[in-house]
Amino acid sequence: GVSGELVIPGNITVLSQRAFSACHKITSVIISEGVKEIGKASFYNCNYSTSIQLSTSLEIIGDNALNGMAISSITIPSGVTFLGKSAFARTKLVSVTVPSNVKRISENCFSHCKELKTVIIENGVEYIESRAFFSAGPIESIVIPESMVEITYDAFEDVKTINNVFFNAICYEYDQYSYDDNINTNGNQDENYVVTINPYGRFA
């Protein structure tokens with residue numbers, strides 16, 4: 001089987017579904033330039049892989065693509081437009097920046113990321129879907145951009161220790177419960193605000 005460092009050559013534009021799922025001997029992954037898509041569960045449960053380098057040509061990271069990898073850091077290329085459900089779930093990420101071309105942070109995308117401390121969501125991202133950060137943390141800070149349209153009511157469910165949320169969004173369409181109970185803009189949406197999240201994952 002595959003072991004050690006795995007290099008995906010650039011002539012493979014789409015890495016197929018479950019291509020290396022549960023390959024426990026892979027320790028690191030390099031995705032070469034030319035690869036455009038990491039398919040569903042391609043590296044699912046590769047729990048001894050501690051690093052992955054993504055190509056700038058990458059556009060799609062599929063459902064469960066990196067779920068369960070032991071990676072503590074990652075650079076998501078600016079050309080990525082889609083992050084699938086549970087794409088980074090159960091990883092050891094300490095910080096992450098979601099680039100502006102990703103319109104939606106999908107369901108459970110960063111769920112159970114127990115080491116996650118810093119989240120930067122770039123301006124351009126519009127939706128945070130159900131349980132996107134379920135049981136993640138301890139999160140020290142998260143930046144919500146002005147482009148944000150909707151944050152589902154349970155996006156941060158079971159997040160117990162978020163300290164600061166830098167919020168600069170006007171939600172033009174929103175779940176009523178999410179907006180009323182989770183987001184506090186203090187009646188003014190022109191500036192960044194620091195708010196806290198209570199133990200139920202709701203904006204206080």
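How many disulfides does the structure hold? The structure, a predicted model, holds 0 disulfides. The legends below begin with the chain as a whole and then turn to individual sites.

**Figure 1. Overview of the protein chain in the predicted model.** The secondary structure of the protein chain consists of 1 helix and 15 strands. Of the 204 residues in the protein chain, 47% are buried. Among contacts in the protein chain with a separation of 6 or more, 28% join residues 24 or more positions apart. The protein chain exposes an accessible surface of about 9200 Å², and carbon and sulfur atoms contribute 46% of that surface.

**Figure 2. Cysteine sulfurs and the lack of disulfides.** A disulfide is a covalent bond between the sulfur atoms of two cysteines. For Cys23, the closest cysteine sulfur belongs to Cys46 and lies 5.4 Å away, which is too far for a bond. For Cys113, the closest cysteine sulfur is that of Cys109, and because the separation is 8.2 Å, the two are too far apart for a bond. The cut-off behind this reasoning is 2.5 Å between the sulfur atoms. Cys113 also counts as buried, with a relative accessibility of 0%.

**Figure 3. The open sheet of strands 1, 3 and 5.** The sheet contains 3 strands, arranged in the order 1-3-5 with parallel pairing. Strand 1 (4–8) and strand 5 (51–53) occupy the edges; each has a single partner strand, so one side of each has no neighbour in the sheet. From one strand to the next, the twist averages 15°. Strand 3 (residues 26–31) runs parallel to strand 5 and is joined to strand 5 by 3 bridges. Within this pairing, Val29 is placed opposite Ile52 of strand 5.

**Figure 4. Strand 8 and its pairing with strand 10.** Strand 8 (residues 95–98) includes Val96. The two faces of strand 8 can be told apart by their cover: Val96 and Val98 form the covered face, whereas Ser95 and Thr97 form the uncovered one. Strand 8 pairs with strand 10 (residues 118–121) in the parallel sense, over 4 bridges. Val119 in strand 10 is the bridge partner of Val96.

**Figure 5. The surroundings of Val96.** What is the relative accessible area of Val96? The value is 3%, so Val96 is buried; the cut-off for a buried residue is under 20%. Leaving out residues up to four places away in sequence, Val96 touches Ile74, Ile76, Phe110, Leu116, Thr118, Val119 and Ile120. One of these residues, Leu116, is 20 residues from Val96 along the chain, with 8.0 Å between the two C-alpha atoms. Another of the residues touched, Val119, is also the bridge partner of Val96 in strand 10.

**Figure 6. Ser147 in the loop between strands 12 and 13.** Ser147 is placed in the loop that runs between strand 12 (141–144) and strand 13 (150–151). Is this loop residue, Ser147, buried or exposed? Ser147 has a relative accessible area of 18% and is therefore buried. The side chain of Ser147 reaches the backbone nitrogen of Gly124 at a distance of 2.6 Å. Apart from neighbours within four places in sequence, Ser147 is in contact with Glu122, Asn123, Gly124, Val125 and Glu126. Gly124 thus appears both in the list of contacts and as the residue whose backbone nitrogen the side chain of Ser147 reaches.

Methods. Residues numbered from 1 in each chain as written. Predicted model: local features only at pLDDT ≥ 70, side-chain atom pairs only at ≥ 80, totals over all residues. Heavy atoms only, no water. Buried < 20%, exposed > 50% of the residue type's maximum accessible area, 1.4 Å probe, protein only. Polar contact = N/O pair within 3.5 Å; in protein donor to acceptor, adjacent residues only side chain to side chain. Contact = heavy atoms within 4.5 Å. Pairing = 2+ DSSP bridges. Axes fitted to C-alpha atoms, helices over the stretch in contact; angles between N-to-C directions. Areas by Shrake-Rupley, 256 points an atom, 1.4 Å probe, with all protein chains shown as cover.
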